[in-house]
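Open the model in your viewer and colour it by secondary structure. The stops below go from the whole chain to a sheet, its packing helices and a single residue.

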Amino acid sequence: MKSSKIKKYLIIFLLFLSSIFGFNNQGIKIIKNDLVLGYVKTIENNRLISLNSFSTVLGYKNFVNDKTEKIVVNIGGNKIKATNGITFVLFDDKVYQFPNKVIVKDNNYFISTSSLLKLINSNKSSSNFSLKDNEIVISEVLNKKTERVDLTNEKKKWKFSTIVIDPGHGGKDPGAVGYRGTLEKDIALDVAKRLEKKISRNMDVKTVLTRDEDIFLKLDERKKIANDNNGSLFISIHANAASDRRASGFETFLIGPNKNEAAVRVATRENAVLELEGFSGKKLTNEDLIQATIAQSAFASKSEQFAALVQEEIGKRVTSRNRGVKQAGFYVLWGASMPNVLVELGFISNLSEEKKLRSSQYRETLATAIFRAVEKYEKTLNQ
Ligand SMILES: [Zn+2]
C-alpha cells in the first residue's frame with residue numbers, strides 16, 4: 001500500500017472514531033422510548049441543527065437542490081423547506097421567520113434548533129420533541145392540543161374593508177428624539193391622524209387608529225387591534241433617527257429576511273420598545289419571536305406593492321431622499337395577518353429634515369402621499 005493511501009485510510013478511520021465518540025464535534029443525541037436513534041449534527045453549541053442529519057436520524061427523506069441551495073425535508077408528515085442565507089423557513093407551505101439565517105456547511109443545512117422543535121411541536125405531529133442539554137427526547141402525546149393558527153381561511157379574499165393606522169410609540173416611549181428635541185411619537189401621531197381623516201372622508205372603508213392620543217401601547221397590542229378588526233391593510237407610522245446626523249430621507253419597510261445592516265439597525269431601534277414593555281424576567285428572545293411570526297407569502301407581495309406605492313407617492317411630493325423599500329425583522333409587523341408596512345417619514349436626527357417634519361404643512365403632504373398610495377393600492381386589488 002502506498003503511504004498516501006495509508007494516510008487516507010488513517011484519516012477515514014480517525015473520522016470514524018471521532019464520529020463515534022464525538023471527539024471534535026458537537027451533536028445532539030436523539031432519544032425515543034429510551035433508545036438512542038442517533039446523533040444529529042449541530043453547530044454553535046447546539047444552537048443550530050442540521051436539517052438533513054435530523055431527518056435522516058428520524059428515518060425521513062430529504063432532498064437538496066445544490067443549484068438553488070434549498071433543502072426539503074419531511075418530518076412526521078410536515079414538509080420543511082429552507083434556503084441557504086435566508087431566515088424564512090417554509091413549514092407545510094406557511095412562512096415562518098427564524099431568528100437566524102440558514103447556514104450551509106458541508107452540505108448540511110443548519111437552522112435554529114429550538115425554533116425548529118417549537119414549530120414541529122406546535123403542529124399536527126403527535127410526538128413532542130423536547131431539548132435538554134445535548135439530547136432531544138421524543139415522546140408520544142395523546143390528544144395533543146394544536147397551537148396552530150390557521151390564516152388560510154381567514155383571508156381568502158382581499159376585500160378592502162378596514163385600514164389600521166398605527167402611530168408608532170407613545171406615552172412613556174417617545175421613540176426617536178430629534179436634533180432639537182422633536183419626539184417621534186408626536187410626529188407619528190399627527191401624520192397618522194391626518195391620514196385617518198383623509199381615508200375616512202374620501203373612501204368607503206373603515207379606519208382604525210391603534211392610538212389617537214399620547215398613550216403607551218405594546219407592540220403586541222397594536223397587532224391585536226389590527227387582527228381583531230380584521231384589517232385589510234396595516235400601516236405603522238414612524239420617524240427615523242441615526243447616529244450619523246447626515247442621514248436623511250424617507251423609507252418604507254416590510255417584514256423580511258435581514259439583508260441590509262442599515263435596515264437591521266432601524267428594526268433594532270423600533271423593536272427596542274419591547275424593553276419598556278416589561279419583558280423583565282421572561283425577556284422576549286429571538287427564539288420567542290418565531291411564535292409571532294406567521295406571515296403568509298401572499299401578504300408579502302401585497303405589502304410590497306403597497307410599500308412601493310408609498311415610496312412613489314411621497315417621492316412625487318417632497319425633495320427628501322427616497323431611500324426605497326427595505327425589509328427587516330420588525331416586531332410590530334410580525335403576525336399582523338394582513339398586508340402591512342412600516343413607514344419611516346424622515347430622520348428627525350437630521351437638522352433640516354427635523355425642521356421639515358416640524359412643519360404641519362410638510363406632515364400634511366406626507367399624509368396626502370400615503371393616502372394616495374392607499375387609493376392606488378385599492379385600485380390594484382380590484383383589477
Ligand atoms: Zn419608531
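Start with the whole chain of this predicted model. Among contacts between residues at least 6 apart in sequence, 67% join residues at least 24 apart. The chain has 383 residues, of which 39% count as buried, and its secondary structure comprises 10 helices and 18 strands.

Next, select the open sheet of 6 strands, ordered 14-13-15-18-16-17 with mixed pairing. Its edges are strand 14 (206–209) and strand 17 (322–328), each of which pairs on one side only. On average, neighbouring strands here are turned by 20° against each other, direction ignored.

Zoom in on strand 13 (residues 162–167), which runs parallel to strand 14 and is joined to it by 4 bridges. Pick Ile 165 there: its bridge partner in strand 14 is Leu 209.

Now add helix 4 (residues 184–202), which packs on the sheet and touches strand 13, strand 14, strand 15 (233–240) and strand 18 (340–347). The direction of helix 4 makes about 145° with that of strand 15.

Then show helix 6 (residues 261–271), also packed on the sheet. Helix 6 touches strand 15, strand 16 (250–255), strand 17 and strand 18, and its direction makes about 70° with that of strand 17.

The last stop is Arg 317, in helix 8 (residues 297–317). Is Arg 317 buried or exposed? It is partly exposed, because 13 other C-beta atoms lie within 10 Å, and 20 or more would be needed for a buried residue. Leaving out residues up to four places away in sequence, Arg 317 touches Thr 365 and Ala 369. Draw the C-alpha to C-alpha distance from Arg 317 to Ala 369: 7.2 Å, across 52 residues of sequence.

Note on methods: Residues are numbered from 1 along each chain as its sequence is written. This is a predicted model: local features need pLDDT of at least 70, side-chain atom pairs count only at pLDDT 80 or more; totals for chains, interfaces and linings use all residues. Helices (H or I, at least four residues) and strands (E, at least two) are DSSP runs, numbered from the N terminus. A residue is buried if 20 or more other C-beta atoms lie within 10 Å of its own, exposed if 12 or fewer, and partly exposed in between; C-beta atoms are placed from the backbone. Two residues are in contact if their C-beta atoms, placed from the backbone, lie within 7 Å. Two strands pair if DSSP finds at least two bridges between them. Axes are lines fitted to C-alpha atoms, for helices over the stretch in contact, and angles run from 0 to 180 degrees between N-to-C directions.
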